[in-house]
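Please examine the protein shown below. The paragraphs that follow move from its overall dimensions to its central strands and then to several individual residues.

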Amino acid sequence: MRIDIITALPDIVEGPLQQSILRRAAERRLVDIRVHDLRAYATDKHRQIDDYPFGGGAGMVLKPEPLFACVEAIQDEVDGKVDEVIYLTPDGQTLDQPLANRLSMKDHLVLIAGHYKGIDQRVRDALVTMEVSIGDYVLSGGELPALVLVDAVVRLIPDVLGDASSALTDSFQDGLLDAPVYTRPAEFRGLRVPEVLLSGDHQRIDAWRDEQRIRKTKERRPDLLACEKD
Ligand code: SAM
């Protein structure tokens with residue numbers, strides 16, 4: 001999979017891509033993530049990427065020219081074979097596990113991180129194919145939301161995780177929250193790991209985990225169980 005991230009603040013994005021699972025996925029060529037500095041696509045001599053909003057009001061707006069130039073340069077490079085041009089925005093559809101699953105099956109995503117008041121509406125109308133929010137709150141820029149989306153999607157690409165079954169049993173993957181996990185020592189400060197996990201009986205362990213997942217989901221997210229029935 002290829003992912004292009006367009007941002008006015010590339011430094012925010014670069015660091016996390018060099019760590020842990022995302023770095024290893026790139027090293028193993030399971031994903032090719034490219035970061036584009038929006039300023040490099042500015043056309044005027046001051047390299048201006050933002051301007052005042054028409055009609056007045058607070059906050060600057062990211063100009064259309066650099067965003068069009070950047071997205072079109074990426075599209076030209078791949079003969080228009082970009083699957084989705086995604087704008088990260090609080091008024092988009094909320095990112096959840098089913099959406100992450102669907103995006104992980106795509107070949108090429110372009111992500112646009114906004115800033116200030118947002119991006120010129122014409123970019124959204126003409127170039128953007130999907131708008132995604134990471135939750136009902138407002139951040140200063142789309143860089144962290146873009147990284148959240150990248151992480152949620154890349155870990156689902158086959159072979160990215162050492163053990164594929166790990167992602168399959170994570171919360172939300174089948175509409176349930178994950179079961180509690182324990183590691184050694186079996187007893188710590190008088191607190192014992194549930195005996196069933198030490199039993200070596202995998203049928204009993206699976207049954208215990210299923211029971212825990214259902215119990216926790218009922219307690220914390222009954223809405224997920226209600227969705228299951230729909
Ligand atoms: N005026 C916009 C609004 O109220 O919908 C908010 C702009 S916000 C200050 C600046 C940028 O941060 C947005 O263009 C978007 O890219 C990003 N952003 C902020 N919160 C976000 C969220 N919850 N999900 C996705 N992107 C977000």
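Of the 230 residues of the protein, 41% count as buried. The model is a predicted one, and its secondary structure comprises nine helices and nine strands. Measured out along the principal axes, the C-alpha trace covers about 70 × 40 × 40 Å. The accessible surface of the protein amounts to about 13,600 Å², and carbon and sulfur atoms contribute 50% of that area. As for charge, the protein carries 29 positive and 40 negative side chains; the centres of these two sets are 5 Å apart. Among contacts between residues at least 6 apart in sequence, 75% join residues that are at least 24 apart.

The strands offer a suitable place to begin a closer reading. Where does strand β1 lie with respect to the rest of the structure? Six of the six residues of β1 (residues 2–7) are buried, so this strand is largely enclosed by the rest of the structure. In a regular strand, side chains alternate between the two faces of the sheet. For β1, one side holds Arg2, Asp4 and Ile6, while the other holds Ile3, Ile5 and Thr7. All of these residues are buried, and both faces of the strand are thus covered.

Which strands pair with β1? One partner is strand β2 (residues 32–37), which runs parallel to β1 and is joined to it by six bridges. Within this pairing, arginine 2 stands opposite aspartate 32 of β2. Another partner is strand β6 (residues 108–113), which pairs with β1 in the parallel sense over five bridges. Here arginine 2 has histidine 108 as its bridge partner in β6, and isoleucine 5 stands opposite leucine 111 in β6. Arginine 2 therefore has a counterpart in β2 and in β6, and it belongs to a strand whose six residues are buried, so that the strand is largely enclosed.

Strand β6 deserves the next look. Six of its six residues are buried, and the strand is mostly covered. His108, Val110 and Ile112 point one way from β6, whereas Leu109, Leu111 and Ala113 point the other way; all of them are buried. Besides pairing with β1, β6 pairs with strand β5 (residues 84–94), again in the parallel sense and over five bridges. In that pairing, isoleucine 86 stands opposite leucine 111. Leucine 111 is thus placed opposite isoleucine 5 of β1 and opposite isoleucine 86. The connection between β5 and β6 includes helix α4 (residues 97–104), and the three elements make a right-handed β-α-β unit.

A helix residue meets this group of strands. Alanine 146 is found in helix α6, and at 1% relative accessibility it counts as buried. Leaving aside neighbours within four places in sequence, alanine 146 is in contact with Ile5, Leu88 and Leu111. Ile5 belongs to β1, and Leu111 is one of the buried residues of β6. Alanine 113 of β6 also enters this picture: its C-alpha atom is 6.6 Å from that of alanine 146, although the two residues are 33 apart along the chain.

Arginine 213 gives a second example of a buried helix residue. This arginine lies in helix α8 (residues 202–220). Is arginine 213 buried or exposed? Its relative accessibility is 7%, below the 20% limit, so arginine 213 counts as buried. Not counting residues up to four places away in sequence, arginine 213 touches Thr169, Asp170, Asp174, Leu176, Leu177, Asp178 and Ala179.

Some details of the backbone remain. Arginine 184 and proline 185 are joined by a cis peptide bond, with omega at about 5 degrees. Proline 185 is found in the loop between α7 (164–168) and β8 (187–188). Serine 20, which lies in helix α2 (residues 20–27), has a phi near 50 degrees, a positive value in a residue other than glycine. At 41% relative accessibility, serine 20 counts as partly exposed. Aspartate 159, located in the loop between α6 (143–154) and α7, also has a positive phi, near 75 degrees. With a relative accessibility of 54%, aspartate 159 counts as exposed.

Terms used. Residues numbered from 1 in each chain as written. Predicted model: local features only at pLDDT ≥ 70, side-chain atom pairs only at ≥ 80, totals over all residues. Heavy atoms only, no water. Buried < 20%, exposed > 50% of the residue type's maximum accessible area, 1.4 Å probe, protein only. Helix = DSSP H or I, 4+ residues; strand = E, 2+ residues; numbered from the N terminus. Pairing = 2+ DSSP bridges. Contact = heavy atoms within 4.5 Å. Areas by Shrake-Rupley, 256 points an atom, 1.4 Å probe, with all protein chains shown as cover. Lys, Arg positive; Asp, Glu negative; His and termini not counted. Charge placed at Lys NZ, Arg CZ, Asp CG, Glu CD. Right-handed = clockwise from strand over helix to strand, strands pointing away.
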